Amino acid sequence: MAPFLPPTRPGIPGSGLAKGLAVTLRTMTKKTVTEQYPEHQPELPPRTRGVIGLFEENCTVCMLCARECPDWCIYIDSHKETVPPAAPGGRERSRNVLDRFAIDFALCMYCGICIEVCPFDALFWSPEFEYAETDIHELTHERDKLRDWMWTVPAPPALDPGAEEPKELAAARKAAEKQAAAEVKSEES
């Protein structure tokens, strides 16, 4: 039995080298495009993962983000407050109040799990990426800084023209139409 030999290509010896040199020469003759970073800000894609912004009003201190974080880089402190009854004769309720919400970006691996598991939409990706510090200990950003980044979060993309309307909007429109019809009816009477 004869040994297996790979098929050979007929051609001119050294043609591969000539093709490689041709590519190199074409590349060398093109004008290079280098953007000077501090003077010219880069054009970022719409879903850029920069830092995490906190919408503090939506945070219920459920701790899901801190529990699901694989790096344990989210620090949350809270306390309970008693809320008076909403109606007379009702009972008092307790609620969690956020004292501290911090993210250590020196540990964060930007996986986005905290944003995905947040049931109340309190965490969002911000495209901000300029937050370098001279000391690694200063990369732990508290809720004030996270709240400032929240205002740089871009608006969500528009719905597709052929998509169904969200159920919440349809229910709100029906309720508004019913109320408007009831007001017109009461004015006629």
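In what follows, Ala, Val, Leu, Ile, Met, Phe, Trp, Tyr, Cys and Pro count as nonpolar, Asp, Glu, Lys and Arg as charged, and the others, Gly among them, as polar. The model described here is a predicted one, and these classes help in reading the linings of its pocket and cavities.

The largest pocket holds about 630 Å³ of space. Of the 19 residues that line this pocket, Arg47, Phe124, Trp125, Val153 and Pro154 are the closest to its centre. Helix H3 (113-117) and strand S4 (123-126) each supply at least two residues of the lining, and the largest share, three residues, comes from S4. By class, the lining of the largest pocket is made up of 13 nonpolar, two polar and four charged residues.

Thr48 can be considered next, since Trp125 also figures among its contacts. Thr48 is found in the loop between helix H1 and strand S1 (51-54), and its relative accessibility of 19% falls under the 20% limit, so that Thr48 counts as buried. Its side chain reaches the backbone oxygen of Pro45 at 2.6 Å, and, when neighbours within four places in sequence are left aside, Thr48 is in contact with Trp125, Ser126 and Pro127.

Helix H1 itself, residues 15-29, offers a simple check on geometry: at 1.5 Å a residue its 15 residues should span 21 Å, and the end C-alpha atoms are 21 Å apart, which agrees with that expectation. The number of buried residues among the 15 of H1 is zero, so this helix lies largely in the open.

Enclosed space is the remaining topic. Rolling a probe the size of a water molecule over the atoms shows where empty space is left. The count comes to two cavities of 30 Å³ or more, and the largest cavity contains about 80 Å³ of space. Of the 13 residues that line the largest cavity, the closest to its centre are Cys59, Cys62, Cys65, Cys118 and Ala122, and the lining as a whole divides into eleven nonpolar, two polar and no charged residues.

The second largest cavity has a volume of about 60 Å³, and the residues that line this cavity include Ile52, Pro70, Ile74, Met109 and Ile113, together with several cysteines, among them Cys69, Cys73, Cys108, Cys111 and Cys114. Asp71 and Gly112 also belong to this lining, which divides into ten nonpolar residues, one polar and one charged; under the classes given at the outset, Gly counts as polar and Asp as charged.

Technical notes
Residues numbered from 1 in each chain as written. Predicted model: local features only at pLDDT ≥ 70, side-chain atom pairs only at ≥ 80, totals over all residues. Heavy atoms only, no water. Helix = DSSP H or I, 4+ residues; strand = E, 2+ residues; numbered from the N terminus. Expected span 1.5 Å × (residues − 1). Buried < 20%, exposed > 50% of the residue type's maximum accessible area, 1.4 Å probe, protein only. Polar contact = N/O pair within 3.5 Å; in protein donor to acceptor, adjacent residues only side chain to side chain. Contact = heavy atoms within 4.5 Å. 1 Å grid on protein atoms, 1.4 Å probe; cavity = no way out; pocket = protein on both sides within 12 Å on 5 of 7 lines; lining within 4 Å. Points joined across faces, edges and corners; volume = space filled by probe spheres on them.
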